[in-house]
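Thanks for coming. I will go through one structure today, starting with a backbone detail and ending with the charged pairs. Please have a look at it first.

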Amino acid sequence: MENSYHLIIVGAGMAGLCAAAEAAAQGASVLVLEKEEKFGGSSLLSGRYMAFAGTDIQQREGIADQTEYLVADMLAVGEGKNEVDLVEAYGERQFETYQWLVAQGVEFHKVQAVSGHSVPRGHTITPLQAITALYEGAKSSGNVVFKTQAIVQRLRKNAAGRVAEVIYEHEGEILTATAENGVLLTSGGFSKSEELLSAFAPQLDGALRIGGAGNVGDGIRLASEQGAWLRDFPYLKGTFGFHPTADGPWKSQALAFYKGAIIVNKRAERFVNESISYKLIGTEALRQPDQITYQIWDQAIMDQGVAVDALYDFAKLQALGLIEQAETLEELAEKIDLPIEALNKTISVYNGDVSNGSDRQFGRTSLTHHFGKPQPIRQAPFYAMHTTVAMLATYAGVSVDRYAQVLNPYHEPIEGLYAAGEIAGGFHGAGYMTGSSLGKAAIFGRVAVQSALTKHAVL
Ligand SMILES: Cc1cc2nc3c(=O)[nH]c(=O)nc-3n(C[C@H](O)[C@H](O)[C@H](O)COP(=O)(O)OP(=O)(O)OC[C@H]3O[C@@H](n4cnc5c(N)ncnc54)[C@H](O)[C@@H]3O)c2cc1C
């Protein structure tokens with residue numbers, strides 16, 4: 001039947017394109033509807049880390065890692081509020097998905113120590129390369145119809161009570177397509193929706209809003225209309241580490257604190273253990289006077305910058321004029337308008353404490369999570385970056401089970417409706433572990449397709 005497909009996928013970021021590639025390989029007919037002119041959503045803007053364990057790259061670098069450690073880290077960062085079954089499903093599928101991505105032509109470059117991981121586990125991709133490889137793979141199968149500037153507006157159930165109809169706007173027309181096996185929502189989060197952020201996360205007023213232009217929570221509304229339950233909204237958090245200009249063309253970000261920098265407020269006082277999740281740091285940063293915060297570091301840390309790395313390319317940020325440099329702490333304080341005596345005192349207390357192996361103020365014992373050892377900040381020149389919080393990804397979303405089926409308030413699957421990627425809640429719990437969002441988009445994008453095609457097998 002014309003306009004009838006096995007699967008309809010709403011949104012073409014990492015989750016939607018992995019789903020499309022998986023479905024195409026299985027011979028299903030697929031319609032992918034993407035609201036924007038280009039594919040990629042927030043995935044294209046991402047910091048490019050994916051969380052996988054036990055990979056060839058880790059082995060080459062002598063990093064001992066395994067699924068159990070990854071799962072344990074994820075539950076620890078989520079403070080046990082995550083849905084354990086979802087985290088375990090991630091664990092069960094993570095290594096195989098990594099290998100599948102490699103087979104799709106996605107290039108992984110190296111691993112970095114990133115927030116929330118007890119070992120270096122942030123596998124870097126180049127988002128555009130990954131998105132292009134997945135798209136090309138799905139397209140070349142001939143099974144997938146891609147439409148851009150196709151905005152899904154409503155879903156409808158069929159006579160059997162299963163979600164099966166998608167109503168969307170394309171080229172000025174309102175069109176309907178039907179899905180025999182299921183509708184998969186991979187429409188991302190709502191980091192660009194002022195309306196939803198002010199309704200669900202007023203504590204993030206003052207945070208920058210960064211994300212795919214189309215990420216305004218359409219999928220959450222579409223699923224809610226079909227009776228979806230929602231998860232994790234109380235835990236919405238911003239990410240600390242962005243320059244206040246980062247919502248412009250440059251997503252300027254530096255996580256010098258994970259290399260040993262300290263973070264101070266406008267009184268030049270530390271206010272947090274800098275090794276904890278940048279999400280948790282973000283919560284504290286927004287509570288500081290006038291929400292003004294700086295990272296401060298020295299040459300020893302500057303030397304650990306990593307060229308072309310979105311999080312650690314300090315030299316590039318300095319070239320853009322976003323990092324201040326000074327020969328003395330006094331000169332640095334003057335440049336960024338912090339009280340000089342207070343800054344000297346803060347650094348001298350911190351240096352004494354880390355030399356003695358105990359940060360009496362905030363209990364910092366590592367650089368990030370349990371990894372690395374903080375060192376005194378004493379090697380001139382010194383550096384400072386005005387740093388703020390950005391809302392990048394919302395993570396809270398519709399309730400799903402391990403098969404990516406969307407659940408109603410009674411934890412029952414809504415027949416025919418699947419969700420994967422940032423739209424799905426319940427996974428991160430109280431905190432997000434770096435790389436797990438792109439990771440879950442890839443893993444559960446494929447899982448959703450596999451369950452839709454198996455549960456309602458018509459192939
Ligand atoms: C700056 C930045 C850095 C980040 N760094 C990392 C990182 O290093 N590691 C990590 O794991 N995560 C990171 N994240 C988060 C991560 O990028 C996202 O959570 C992830 O990419 C979401 O993938 P997705 O496929 O679910 O959604 P997206 O990639 O956002 O794709 C959703 C797509 O759906 C489309 N859409 C929305 N509504 C509709 C509609 N009504 N009809 C049709 N299409 C629609 C959107 O236009 C979009 O293209 C970062 C995010 C940002 C913004």
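In which loop is the place of Asp290? Asp290 sits between helix H9, residues 278–285, and strand S14, residues 293–298. Before I go further, note that this is a predicted model. The reason to start with Asp290 is its phi, near 55°, which is a positive value in a residue other than glycine. Asp290 counts as exposed because its relative accessible area is 57%, and the cut-off for exposed is over 50%.

There is another residue of this kind. Glu171 is not a glycine either, yet its phi is positive, about 50°. Glu171 belongs to the loop that runs between strand S8, residues 163–170, and S9. With a relative accessibility of 69%, Glu171 counts as exposed.

One more backbone item is a cis peptide bond. It runs from Ala380 to Pro381, with omega near -5°. Pro381 is in the loop between helix H13, residues 340–355, and strand S16, residues 382–391.

Now the ligand. How many residues surround the ligand? The shell has 40 residues, and the closest are Glu34, Ser43, Asn215, Glu422 and Ser437. Sorted by class, the shell holds 16 nonpolar, 18 polar and six charged residues.

I will give three polar distances. From an oxygen atom of the ligand to a polar side-chain atom of Asn215 is 2.7 Å. The other two involve the backbone. A polar backbone atom of Lys35 is 3.0 Å from a nitrogen atom of the ligand, and a polar backbone atom of Gly40 is 3.2 Å from an oxygen atom of the ligand. As for cover, the ligand on its own has 1000 Å² of accessible area, and the protein covers 98% of that.

Which elements give two or more residues to this shell? They are helix H1, residues 14–25, then H2, strand S7, residues 150–157, and helix H14, residues 436–455. The largest share comes from H2, with four residues.

Staying with H2, this helix spans residues 41–45 and includes Leu44. Leu44 counts as partly exposed because its relative accessibility is 30%. Together with Leu45 and Leu128, Leu44 makes a nonpolar surface patch of about 250 Å².

Next, some buried positions. Ser191 has 0% relative accessibility, so it counts as buried. Its place is in the loop between strand S9, residues 173–185, and helix H7, residues 194–200. The side chain of Ser191 reaches the backbone oxygen of Leu392, at a distance of 3.2 Å.

Trp100, in helix H5, residues 84–103, is also buried, at 12% relative accessibility. Its C-alpha atom is 9.7 Å from that of Ala442, although the two residues are 342 apart along the chain. Pro127 is found in helix H6, residues 127–140. At a relative accessible area of 9%, Pro127 is buried. Its C-alpha atom and that of Glu107 are 9.5 Å apart, with 20 residues of separation in sequence.

That leaves the charged pairs. In general, side chains of opposite charge can pair when their charged atoms come close. With a cut-off of 4 Å between side-chain nitrogen and carboxyl oxygen, the count here is 20 salt bridges. I will show three of them and one network.

The salt bridge between Arg121 and Asp65 has its closest N and O atoms 2.7 Å apart. Arg121 is in the loop between strands S4, residues 111–112, and S5, residues 122–124, while Asp65 is in the loop between helices H3, residues 56–60, and H4, residues 67–77. The pair links distant parts of the chain, 56 residues apart. Are these two residues buried or exposed? Both Arg121 and Asp65 are buried.

Arg156 and Glu225 also meet in a salt bridge, at 3.8 Å from N to O. Arg156 is in strand S7 and Glu225 is in helix H8, residues 218–225, with their positions 69 residues apart in sequence. Arg156 is partly exposed, at 34% relative accessible area, and so is Glu225, at 38%.

Arg221 pairs with Glu195, the closest N and O atoms being 3.2 Å apart. Arg221 is in helix H8 and Glu195 in helix H7, so this salt bridge ties together parts that are 26 residues apart in sequence. Arg221 is partly exposed, at 41%, whereas Glu195 counts as exposed, at 53%.

The network links Glu22, Arg93, Glu96 and Arg446 through salt bridges. That is the end of my list.

Conventions:
Residues are numbered from 1 along each chain as its sequence is written. This is a predicted model: local features need pLDDT of at least 70, side-chain atom pairs count only at pLDDT 80 or more; totals for chains, interfaces and linings use all residues. Side-chain values use heavy atoms; hydrogens and water are left out. Patches are made of residues with over 30% relative accessible area and no salt bridge: like charges are joined within 9 Å, nonpolar side chains (Val, Leu, Ile, Met, Phe, Trp, Tyr) within 5 Å. Accessible areas come from the Shrake-Rupley method with a 1.4 Å probe; for residues, only the protein chains shown count as cover. Buried means under 20% relative accessible area, exposed over 50%, partly exposed in between (1.4 Å probe, protein chains only). A residue is near a molecule or strand if one of its heavy atoms lies within 4 Å of it. A polar contact is a pair of N or O atoms within 3.5 Å; within protein, one must be able to donate a hydrogen and the other to accept it, and residues adjacent in sequence count only if both atoms are side-chain atoms. Ala, Val, Leu, Ile, Met, Phe, Trp, Tyr, Cys and Pro count as nonpolar, Asp, Glu, Lys and Arg as charged, and the others, Gly among them, as polar.
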